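Colleague: Could you take me through one part of this model in detail, the place where two helices pack, and then work outward from there? I'd enjoy a connected account rather than a list.

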Amino acid sequence: MREEIDRLCEEFRDEMIEVACKLIELKAISPDYGGEGEFEKAEFVESLLEDFDLKRFDVKDGKGNVRPNLVVKVCEGDRMLWLVSHLDVVPEGDPKLWKTPPFKAIVKDGRIYGRGAEDNNQAIVSSVFAGKVVSKLIERYEPKVGFGLVFVSDEETGSEYGIKHLLRKGVFDKRDLVIVPDAGNERGDEIEIAEKSILWLKFKVYGVQSHASVPKVNASRRAMRFLLELDTHLHEKFDAKDDIFNPPHSTFEPTKREKNVDNINTIPGLDVSYMDCRVLPNYDLNEVLSVIEDVKEKFVRMDGLPIEVEVLQANSSPPTPKESEVVERLKKAIRMMRGIDARVVGIGGNTCASFFRQSGIHTAVWATLLGNAHKPNEFCLIDNMVNDAKVFALLPFI
């Protein structure tokens, strides 16, 4: 069977490239980032899967946009093995950093360039064509589990209208096995079984707006002092290490900062900034929030001015057991198709896997990736796309 899967996937290679290029040119940016959403892209993916049992679970977001989700059963079983990919992509960022148009696919030197090429279009293509290969194989071979494909919206902005919606709808069974092709390394020998807890925070630090020659309380300076002290306290308090992760410790990173005043000679009365925390799962996020509250209250007492803390996203999930069936099955498929012995790892990123794990469904994250996600000049390797499809196509039969 291994040789047959290899042959069938190679026969689809040119079609895979064509589909990957089309996906890049369907600009599926979340409305939260100023885009029009994933509807057109979902329609195209659906057109590729007309021969399968496909159900749509569309939902309207808070702005009235339709956010599509596709659930496809390639073959039935007492329980299912699902491949879960996401339709949305992030914006291109600074267009000056791109050597080619971000939403015009360029095929060159075994690569496909364009926004979303690796995150997550490579997985969409690998999954679609793994499904096509499995549909041919079940004419002669009996799968040991059912096999299905899921394509969701809203992964880049919280998953409320994507995988969370499907879980609320009861699409999946506790006995199902799930693989999310949304993290990995260049060799393809890392299976992600754990994710750090994610905590996104917004800080509104107040000062007194005044002329720069007679300064009162400078909100910008106050915010910098607050963030630096907070940074020190968080790293001192939550200093555990776990070598399954890279980096092996929790991270607390100040990131975005909003514009304050328009002119140089005005002291800002408000500073708005953000922090991205990735916390080892052995810590309770409520402990982190408690430390933040203590530092905040110190500054409020000291300056007599408010600081507001808003939690934009908080998500924690237990790890998938190292010896779980989905991990062992994936290890076996990688070994059989690629001759690679994969190891388990944890990541600081956040994928759809965390929501499955919260629901008690064992989930593994795996793909062969170069780490181009969200970068300018993003690209995927065509060989990775084709070879991942081979591994996915073998999974239901072993």
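Modeller: Happily! In this predicted model, the contact between H6 and H7 is built on the H6 side from Arg-222, Arg-225, Phe-226, Glu-229, Leu-230, His-233, Leu-234 and Lys-237. Facing them from H7 are Val-288, Val-291, Ile-292, Val-295, Lys-296, Lys-298, Phe-299, Val-300 and Asp-303. Sorted by class, the contact of H6 with H7 holds nine nonpolar, one polar and seven charged residues. As for geometry, two packed helices are described by the angle between their axes and the distance between the axes. Here the angle between H6 and H7, the latter spanning residues 285-303, is about 145°, and their axes are 10 Å apart. The crossing of H6 with H7 is right-handed.

H6 also has a sheet to deal with. It lies across E11, E13, E15 (270-279) and E16, and runs at about 150° to E11. Those four strands make an open, antiparallel sheet in the order E13-E15-E11-E16. E13 and E16 (307-315) each have a single partner strand and stand at the edges, so one side of each is left without a neighbour in the sheet. On average, neighbouring strands of this sheet are turned by 20° against each other, direction ignored. Within it, E11 (residues 197-206) and E16 run antiparallel and are joined by eight bridges; Val-205 stands opposite Ile-307 of E16.

Following the chain out of H6 brings us to a backbone detail worth a look. The loop between H6 (219-237) and E13 (251-257) contains Pro-247, and the peptide bond joining Asn-246 and Pro-247 is cis, with omega about 0°. A second cis peptide bond runs from Asp-119 to Asn-120, this one with omega near 15°. Asn-120 belongs to helix H4, residues 117-137. For context, most residues other than glycine have a negative phi, and most peptide bonds are trans.

H4 leads us to another sheet. Three strands form it, open and antiparallel, in the order E6-E7-E19. Its edge strands are E6 (106-108) and E19, each of which pairs on one side only. Neighbouring strands of this sheet are turned by 20° against each other on average, direction ignored. E6 and E7 (residues 111-113) run antiparallel and share three bridges, and Lys-108 has Arg-111 in E7 as its bridge partner. Helix H2 (residues 13-25) packs on this sheet, touching E6 and E7, and its direction makes about 15° with that of E7. H4 packs on the sheet too, touching E7 and E19, with its direction at about 40° to that of E19.

The loop before E19 is worth lingering on. Asn-372 lies in the loop between E18 and E19 and counts as buried, because its relative accessibility of 10% is under the 20% cut-off. Its side chain reaches the backbone oxygen of Phe-379 at 2.9 Å. Leaving aside residues up to four places away in sequence, Asn-372 touches Glu-118, Glu-378 and Phe-379. Asn-377 is found in that loop as well, between E18 (363-365) and E19 (379-381). Phi of Asn-377 is near 60°, a positive value in a residue other than glycine. Asn-377 is buried too, with a relative accessible area of 17%.

Ser-159 has a positive phi as well, about 70°, although it is not a glycine. This residue is in the loop between E8 (146-152) and H5 (163-168), where it is buried, with a relative accessible area of 2%.

One last pairing, this time a parallel one: E10 (residues 190-195) and E17 run parallel and are joined by five bridges. Ala-194 has Gly-346 as its bridge partner in E17. E17 (residues 343-347) is mostly covered, since four of its five residues are buried.

Note on methods: Residues are numbered from 1 along each chain as its sequence is written. This is a predicted model: local features need pLDDT of at least 70, side-chain atom pairs count only at pLDDT 80 or more; totals for chains, interfaces and linings use all residues. Side-chain values use heavy atoms; hydrogens and water are left out. Buried means under 20% relative accessible area, exposed over 50%, partly exposed in between (1.4 Å probe, protein chains only). Axes are lines fitted to C-alpha atoms, for helices over the stretch in contact, and angles run from 0 to 180 degrees between N-to-C directions. A crossing is left-handed if the near helix is turned anticlockwise from the far one by less than a right angle, and right-handed if clockwise. Contact means heavy atoms within 4.5 Å. Ala, Val, Leu, Ile, Met, Phe, Trp, Tyr, Cys and Pro count as nonpolar, Asp, Glu, Lys and Arg as charged, and the others, Gly among them, as polar. A polar contact is a pair of N or O atoms within 3.5 Å; within protein, one must be able to donate a hydrogen and the other to accept it, and residues adjacent in sequence count only if both atoms are side-chain atoms. Two strands pair if DSSP finds at least two bridges between them.
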